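Me: Could you walk me through this fold with a few quick questions and answers?

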Amino acid sequence: MEPSGLGIAFSLLTDPVVLGLIVAGTVAGVIIGALPGLSSSMGVALLLPFSLYLEPVPAIALLSALYCAGTFGGSITAVLINAPGAPPAVATAFDGYPMALKGEAGRALGIAAVSSVSGGIISVLTLLLAAPLLARIAYSFGPPEYFALGVFALSMLASIGAESALKNLIGGCLGLLIATVGIDLTTGVERFTFGVPQLLEGVQFIPVLIGLFAVTELLNQARHLGRESVSATMSALRLPSREDFRRVRNTILRSSGIGVFVGVLPAEGSTMAAMIGYNEAKRWSKAPEEFGKGSIEGVAGPEAANNAATGGAMVPTLALGIPGSATAAVILGGLQVQGLRPGPYLFEEQPTLLYGIFLAMLLANILFLFIGLFGAKVFSRISLVPRTFLWPTVFALCLVGAYGLNQSMVDVWIMIVSGLVGYVLKRNGFGPAPIIMGIVLGGLIETSLAQSLIIFDQQWSGFLRQPIAAGLLLAAVSVGGRPLRRFLGGLLARTAGSARRA
């Protein structure tokens with residue numbers, strides 16, 4: 001890249017109109033990300049027609065700012081009402097909502113904001129310095145590597161969340177089963193559609209997500225409406241302390257690295273990055289028993305990872321023309337409509353545009369740091385609203401979010417059924433995290449497995465001849481085996497003890 005490209009891009013972004021567009025995109029992203037059922041990809045798609053009237057740099061800067069801010073926005077409702085505004089915020093709800101229930105909503109939102117900004121800035125700097133190298137790494141991933149990556153992520157099911165290893169595995173299998181609904185792209189066979197045309201393309205992720213979190217929590221809250229409860233106090237408005245930030249420092253750095261790596265992989269996006277970031281935060285924590293009960297590391301890990309994935313996702317989008325996430329796919333379309341063709345030559349012929357995108361994402365991250373920290377006290381007041389007013393409003397937003405996805409009542413019913421099932425499972429000690437992870441990974445694993453077996457002529461040993469795939473599968477056996485060994489050891493010990501007493 002020519003050194004002058006950075007100076008030109010900086011001068012373009014200091015234009016009041018461009019700055020105004022970035023601010024507007026950031027604010028819109030936070031709002032859209034916070035609304036259940038909406039996501040940054042929807043927001044970018046809605047703004048795309050309007051961006052056609054702008055020059056390339058302002059247009060892509062606007063879309064990139066919304067992309068970064070929308071990923072953070074989902075954490076607001078995830079923390080406050082257990083309704084993740086976007087799929088990447090699912091893991092944030094695992095500990096963010098318990099913190100809000102304990103009267104620490106402001107503390108959770110502050111940690112989420114700082115972690116998001118840190119992850120986003122690290123990813124943008126990485127993108128700025130190492131985009132061509134990272135693109136070559138992403139290009140080396142084929143179906144076998146994606147299958148192995150999915151299996152590695154599934155191996156974490158036994159330890160994710162606070163539930164038992166067996167229940168986590170059962171929940172993950174349920175998620176994998178849900179992911180099989182629809183037409184098998186390899187054979188063309190319909191599976192579990194029950195004659196419903198809307199299920200031919202599979203069960204939509206967002207209605208299931210809303211049901212398992214928001215509707216399940218609504219039903220759980222309804223059980224306690226007639227009882228006295230301790231209401232949230234104004235301590236909910238307190239922001240994190242310096243000690244809190246020192247405690248999550250290493251978690252943020254580690255999860256940011258995970259987010260950049262996962263984001264670079266084409267089509268992976270930030271949801272998987274958040275799941276892996278959460279699990280690794282728990283695995284390296286000095287107090288893993290706090291996870292699921294309100295751990296600040298459980299908020300920092302996924303938030304840093306999912307925002308770091310936004311910058312990483314732009315690497316294959318710009319360097320290879322392969323979108324790194326759903327939102328990056330929409331931005332890719334915006335680039336093409338502007339007459340630009342992403343690819344390796346873009347780094348040599350359009351340095352100003354690239355620097356403009358990098359600086360816009362950097363500025364957006366800085367902006368929503370102020371929105372997150374200064375708005376945390378405002379947002380956290382939601383936790384002070386009486387439940388009799390709050391949850392009917394939440395349910396109405398859930399209905400709108402589920403229906404607005406495809407304007408289909410089938411999605412609304414999926415949301416309601418998911419909420420009822422989630423409520424029953426929660427009463428019996430099952431958590432939503434493994435189910436969500438199974439749904440997220442199910443399609444990736446099935447598709448990449450079928451493609452890999454075709455490549456290997458139905459020979460499973462082909463995976464062992466791929467160094468990256470073999471390494472990931474070995475890591476999956478190592479990571480997933482430890483909780484299972486502990487569970488089986490405890491089961492055998494209890495069985496032996498019962499036999500001796502008999």
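What follows is a short back-and-forth on a predicted model.

Me: Let's start wide: how many helices and strands does the protein chain have?
Reply: Keep in mind that this is a predicted model. Of the 502 residues in the protein chain, 55% count as buried. The secondary structure comes to 19 helices and two strands.

Me: How are α9 and α18 oriented relative to each other?
Reply: Two packed helices are described by the angle between their axes and the distance between the axes. Here the axes of α9 (residues 205-222) and α18 (residues 432-455) come within 11 Å and cross at roughly 175°. Angles over 145 degrees count as roughly antiparallel, so that makes α9, relative to α18, roughly antiparallel.

Me: What kind of residues make up the contact of α9 with α18: nonpolar, polar or charged?
Reply: On the α9 side you've got Phe 205, Val 208, Leu 209, Leu 212 and Phe 213, and they meet Pro 432, Ile 435, Ile 436, Ile 439 and Val 440 in α18. There are no polar and no charged residues in that contact, and the ten that take part are nonpolar.

Me: Is helix α4 largely enclosed or open to the outside, and how many of its residues are buried?
Reply: Buried here means under 20% relative accessible area. α4 is largely enclosed by the rest of the structure, because the buried count among its 26 residues is 25.

Me: Where does α4 bend?
Reply: End to end, the C-alpha atoms of α4 (residues 56-81) are 38 Å apart, which agrees with the 38 Å expected for 26 residues. Still, α4 bends by about 25°, and the spot is Gly 70.

Me: Which residue follows α4?
Reply: Look for a positive phi, near 60°. The residue right after α4 with that phi is Asn 82.

Conventions: Residues numbered from 1 in each chain as written. Predicted model: local features only at pLDDT ≥ 70, side-chain atom pairs only at ≥ 80, totals over all residues. Heavy atoms only, no water. Axes fitted to C-alpha atoms, helices over the stretch in contact; angles between N-to-C directions. Helix = DSSP H or I, 4+ residues; strand = E, 2+ residues; numbered from the N terminus. Parallel < 35°, antiparallel > 145°, perpendicular 65-115°, else oblique. Contact = heavy atoms within 4.5 Å. Nonpolar A, V, L, I, M, F, W, Y, C, P; charged D, E, K, R; others polar. Expected span 1.5 Å × (residues − 1). Bend = angle between axes of the 7 residues up to and from the residue. Buried < 20%, exposed > 50% of the residue type's maximum accessible area, 1.4 Å probe, protein only.
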